[in-house]
There are 2 protein chains.
Amino acid sequence: MQARSQETRKRILRSAVRLFSERGYEATGVAQICRDSEASKGAFYHHFPSKQALFIDLLKDWLRGLDAELGRALKSSASVPDGLVAMAGRMKSVFSAADGSIQLFLEFWQQARRDTGVWKEFIAPYRRYQEYFAGIIKRGVDEGSLRPLDPRVAGQTFVALAVGMLVQGVLDPDGAAWDKVTRDAVRMVITGMSSGREATRPRRR
Amino acid sequence: MQARSQETRKRILRSAVRLFSERGYEATGVAQICRDSEASKGAFYHHFPSKQALFIDLLKDWLRGLDAELGRALKSSASVPDGLVAMAGRMKSVFSAADGSIQLFLEFWQQARRDTGVWKEFIAPYRRYQEYFAGIIKRGVDEGSLRPLDPRVAGQTFVALAVGMLVQGVLDPDGAAWDKVTRDAVRMVITGMSSGREATRPRRR
């Protein structure tokens, strides 16, 4: 019973991703999502208080996945510069997400401008990522693998770079191999931020 | 008569910027733009074959202004690294555009996904800017002020950085002084790309 309910929830989310990315969030109604996912309205509202709540759940699910990917990449790296390059390497899974979730980006942005509830949920992880990357940079400076940098500016740089690449990937998917471009760009920026001491590997963990 | 016609055209464009950025492109009709700008439909269609044509004109006007700003910044600089930092300094005028044109960004992006005509006009300058910056980087490598870099990757890096900063500026205007952050970020990236020879100023023009 519990398993079936979770199965229904997933089916609703899958339909919503597809419909939002194809037609837009505003143009998609709860009734349509229910029809497409073969769920009753009762089942829908059992899982999601509103269309907005479902939308925010999609954003949170997506971010949870990204957080896990980034964390794994950093953990398995010997130094901060290596870790940042490894993180950029994980962008492949973001760009190649065939389930349409990358198309949802612009929907999130669009909606964030119009809907305060969505905006708050959207801007919070943005700011969180800036702090997250600032913390990583600070660690790199402390461990001596990065030259002295303003961690805040560097954090904002990485977030802007990632966002810019994602926007280009969404809008012009055939314009470049965006996952590779992102990796190359991050590697180029990191090389410039490195102290040079990690160009050969760090001697100690 | 000619002057009055141009005045009408400008008034229509101003109304369109305001309405598109407040309500969105899709939700704004030609009739509304005419009412707001006190122009007749005849006058509207004299200047613009369609709402889409007007929208594309707005994009082109905006880009023309940006091109001119960037060109001036580069021309008045002694070296490529200096020029790129000066270009980033001009972002202030982009971020502080009080006429709502920065809000139009997401409208352009949104529309580009839905409308092939808009998409083509939108993606062309994107690709053009990548090549433009790649050309500048190549010149910097040739003049010896930049270390050997892949100009294509560096060009894409700068475009992504600018786009990412603009997106953050649109969505979270109070989250940071985005013009300053952009300048600091570009300076940080450029410093990392420099050969070191221009850290002290280039000896000759």
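**Helical architecture and two-fold assembly of a predicted two-chain model**

A:Gln110 is located in helix 7 of chain A. In this predicted model, the residue is classed as buried because 20 C-beta neighbours fall inside 10 Å, the count from which a residue is taken as buried being 20. Leaving aside residues up to four places away in sequence, A:Gln110 touches B:Leu106 and B:Gln110. A:Pro151, by contrast, is 41 residues from A:Gln110 in sequence, and the two C-alpha atoms are 29 Å apart in space.

The contacts of A:Gln110 with chain B belong to the setting of the interface between the chains. To that contact, chain A contributes 35 residues and chain B contributes 35 residues. On the side of chain A that touches chain B, at least two residues each are supplied by helix 7 (101-114), helix 8 (116-143), helix 9 (151-171) and helix 10 (178-193) of chain A. Helix 9 of chain A provides the largest share of this side, with 14 residues. By class, the residues on this side of chain A comprise 22 nonpolar, eight polar and five charged.

The relation between the two copies was examined by superposition. Chain A is superposed on chain B by a rotation of 180 degrees, with 0.0 Å of shift along the axis and an RMSD of 0.0 Å. The two copies are therefore related as by a two-fold rotation axis. Within chain A, the C-alpha nearest this axis belongs to A:Gly192, at 1.7 Å from it. Both copies use the same surface, since 100% of the contact residues of chain A recur in chain B.

At the level of the single chain, the secondary structure of chain A consists of 10 helices and zero strands. The order along the sequence is accordingly given as α-α-α-α-α-α-α-α-α-α. Along the principal axes, the C-alpha atoms of chain A fill a box of roughly 60 × 40 × 30 Å. Chain A has 205 residues, of which 38% count as buried. Of the contacts in chain A between residues at least 6 apart in sequence, 65% join residues at least 24 apart.

The domain assignment divides chain A into domain 1 (1-48) and domain 2 (50-193). The C-alpha centres of domain 1 and domain 2 of chain A are 27 Å apart. Their contact draws 10 residues from domain 1 of chain A and 14 residues from domain 2 of chain A. On the domain 1 side of this contact, the largest share, six residues, comes from helix 1 (residues 2-23) of chain A. The side of domain 1 that touches domain 2 in chain A holds seven nonpolar, two polar and one charged residues.

In chain B, the packing of one helix pair was characterised. Helix 4 (residues 51-75) and helix 5 (residues 80-89) of chain B pack at an angle of about 145 degrees, and their axes are 8 Å apart. The crossing of helix 4 of chain B past helix 5 of chain B is right-handed. B:Leu70, B:Ala73 and B:Leu74 make the contact from helix 4 of chain B, while B:Gly83, B:Ala86, B:Met87 and B:Gly89 make it from helix 5 of chain B. This contact between helix 4 and helix 5 of chain B comprises five nonpolar, two polar and no charged residues.

A further buried position in chain B is B:Leu104, which is found in helix 7 (residues 104-114) of chain B. B:Leu104 counts as buried because 23 other C-beta atoms lie within 10 Å. Residues up to four places away in sequence not being counted, B:Leu104 touches B:Val17, B:Phe20, B:Ser21 and B:Leu58. The C-alpha atoms of B:Leu104 and B:Arg18 are separated by 8.9 Å, with these positions 86 residues apart along the chain counted as their sequence separation.

Backbone geometry was considered last. Most residues other than glycine have a negative phi. A:Glu38, a residue other than glycine, has a positive phi near 55 degrees. A:Glu38 is placed in the loop between helix 2 (30-37) and helix 3 (41-47) of chain A and is exposed, with 11 other C-beta atoms within 10 Å. In chain B, B:Glu38 likewise has a positive phi of about 55 degrees although it is not a glycine. B:Glu38 is situated in the loop between helix 2 (30-37) and helix 3 (41-47) of chain B, and B:Glu38 counts as exposed with 11 C-beta neighbours inside 10 Å.

Key
Residues numbered from 1 in each chain as written. Chains lettered and ligands numbered in written order. Predicted model: local features only at pLDDT ≥ 70, side-chain atom pairs only at ≥ 80, totals over all residues. Axes fitted to C-alpha atoms, helices over the stretch in contact; angles between N-to-C directions. Helix = DSSP H or I, 4+ residues; strand = E, 2+ residues; numbered from the N terminus. Left-handed = near helix turned anticlockwise from the far one by under 90°. Contact = placed C-beta atoms within 7 Å. Nonpolar A, V, L, I, M, F, W, Y, C, P; charged D, E, K, R; others polar. Domains from an automatic or database assignment. Least-squares fit on C-alpha atoms with pLDDT ≥ 70 in both. Buried ≥ 20, exposed ≤ 12 C-beta atoms within 10 Å, placed from the backbone.
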